[in-house]
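Below is a briefing on one protein model. It begins with a cysteine and then goes through the fold, a long-range view of selected residues, and the surface.

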Amino acid sequence: IGELAGFQVISLPLLIAAIQIVLVEYIDTFMLKQRAKEFASYLLLGMGKKRLTRLFLCEVLLIGFCCYIAGTTMGFSVYGFWYFREPLHEMKHCGFLYGKSMFYTLLFFCFIETVCSFRLKQRLDKLQIRELMFERNRNQGAKNIGNYKRWGIIFFLCFVCLIGCVCGIVFLPEVYIVYPVSVIAIPLLVSVFAFYKWAFGYLYAYRRKKPVQIYQKDRLYIVANITSNFKTAATVNAVFCICLLFSGGSFVTGMLMLQPEFQLFDMATRQWMGTSQISICIVFLVIYFSILSLQQIIEVRQNSKSNQIMRFMGKSNKQIERLVNKQIAIKLLSPMIMALLTILFCIPLLNRKMNLVLPVSLHNILLKLAGWFEACIIIFFICYFAIICVMSKRYIKTSPIK
């Protein structure tokens, strides 16, 4: 299948590597903020900045290598579970495939760690002792708060191009469909990143302008919390949105492969490909909700002093809990906004094309599968939201300020 797929076999790992670079940079930044004061103390005690940078980079690389070993081991354990169900005469390829895949994964790992380490080193070289002391609580700002308008224009143009590509797939003759299919990923990815750059930039500009409406109810607290690190938040939300779109694509493809009326491949191949795609969907969803949930739990813990201040300002524990739960729900839902927008515009058009290709028994199957996927998202959201709310309660309880 890989030999027939051609460019897709190369493009998918590259796209996954790009997503991993963003997530690893986010993790490195988080680690740096948590240990910034510790690093400042080392510098005050006389340690050279080059040595400190080298030690921190070695620590990051060691953690990454441990993750590489654990990830490849678990990945091939899952692969072995499926592979050894096949007849014994096919097992001779297992060792060669394992070694080759480990080698290619190592190359991608080295590339990702090299890029992230280089960017982390640049950031560490620029930080002084005073900046390290306040790095953990530093908020991101923008010199020109009107930059979000440019991102809004880029988003609008790219989204129009995306809809145009989808219309080309639906309405063009079959001989020309290959052209919009080849380029549709570009406007999709750019529109996702531009949308979140525009949305978070707009909220930041809205907060800076200090309109009267922002002081009503709890809007100021929520907007300030969302826009405190709006540049990083925009990038991370865009990456999670792309993961959600990949998860939806895997779910629809997997369920379509498992339909008895779908006769593109033989039964064994369809079962294998369908199960694999659904497994990928579940993995992406668990990663999406788990990382976002962990992020929210950490933020609630870090904002425990703010909760104490609000309590002394007259808010009860239930009011603070309601406010924190609202903040958690917004953070979990924000990556879904652009994904939902894409689904609402693209799925009905693509469903029309699928109705012309598939048998009558599978008409409107795309709409049904999209509905099932949204139901899965709702179930995951409710479960993870409940878990975060329960775990965050202990950081909202009354505790004396020292």
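**Cysteines and overall fold**

Cys 158 is buried, with a relative accessible area of 16%; buried means under 20% relative accessible area, exposed means over 50%, and partly exposed lies in between (1.4 Å probe, protein chains only). The model is predicted, so local features need pLDDT of at least 70 and side-chain atom pairs count only at pLDDT 80 or more, while totals for chains, interfaces and linings use all residues. Residues are numbered from 1 along each chain as its sequence is written, and side-chain values use heavy atoms, with hydrogens and water left out.

**Disulfides**
- A disulfide is defined as a pair of cysteine sulfur atoms within 2.5 Å.
- By this rule the count is 0 disulfides.
- Cys 158 is accordingly in no disulfide, and the nearest cysteine sulfur, that of Cys 161, is 6.1 Å away.
- Cys 167 is not bonded either, because its sulfur is 8.6 Å from the closest cysteine sulfur, in Cys 346, which is too far for a bond.
- Cys 167 counts as partly exposed, because its relative accessibility is 26%.

**Whole protein**
- The secondary structure consists of 16 helices and 0 strands; helices (H or I, at least four residues) and strands (E, at least two) are DSSP runs, numbered from the N terminus.
- The protein has 402 residues, of which 38% count as buried.
- Contact means heavy atoms within 4.5 Å.
- Among contacts between residues at least 6 apart in sequence, 79% join residues at least 24 apart.
- About 23,900 Å² is exposed by the protein, and carbon and sulfur atoms supply 69% of it; accessible areas come from the Shrake-Rupley method with a 1.4 Å probe, and for residues only the protein chains shown count as cover.

**Helix α16 and its cover**
- Helix α16 (residues 365–392) has 28 residues and spans 40 Å from its first C-alpha to its last, close to the expected 40 Å; the expected span is 1.5 Å times one less than the number of residues.
- The buried residues of α16 include Ile 365, Leu 369, Phe 373, Ile 377, Phe 381, Tyr 384 and Ile 388.
- Among the elements that cover the buried residues of α16 are α11 (230–257), α12 (267–302), α14 (317–333) and α15 (336–357).
- Ser 293 belongs to helix α12 and counts as buried, because its relative accessibility is 6%.
- Not counting residues up to four places away in sequence, Ser 293 touches Leu 332, Tyr 384 and Ile 388; Tyr 384 and Ile 388 are among the buried residues of α16.

**Lys 353**
- Lys 353 lies in helix α15.
- Lys 353 counts as buried, because its relative accessibility is 14%.
- Residues up to four places away in sequence aside, Lys 353 touches Ile 169, Val 170, Leu 172 and Ile 177.

**Tyr 206**
- Tyr 206 is in helix α9 (residues 185–209) and counts as partly exposed, because its relative accessibility is 23%.
- With neighbours within four places in sequence left aside, Tyr 206 is in contact with Pro 211, Gln 213 and Ile 214.
- The C-alpha atoms of Tyr 206 and Val 223 are separated by 8.8 Å, with their positions 17 residues apart along the chain.

**Surface patch**
- Leu 172, Val 175, Tyr 176, Val 178 and Tyr 179 form a nonpolar surface patch with about 520 Å² of accessible area together.
- Patches are made of residues with over 30% relative accessible area and no salt bridge, where like charges are joined within 9 Å and nonpolar side chains (Val, Leu, Ile, Met, Phe, Trp, Tyr) within 5 Å.
- A salt bridge is a side-chain nitrogen of Lys or Arg within 4 Å of a carboxyl oxygen of Asp or Glu.
- Tyr 179 is found in helix α8 (residues 178–183) and counts as exposed, because its relative accessibility is 56%.
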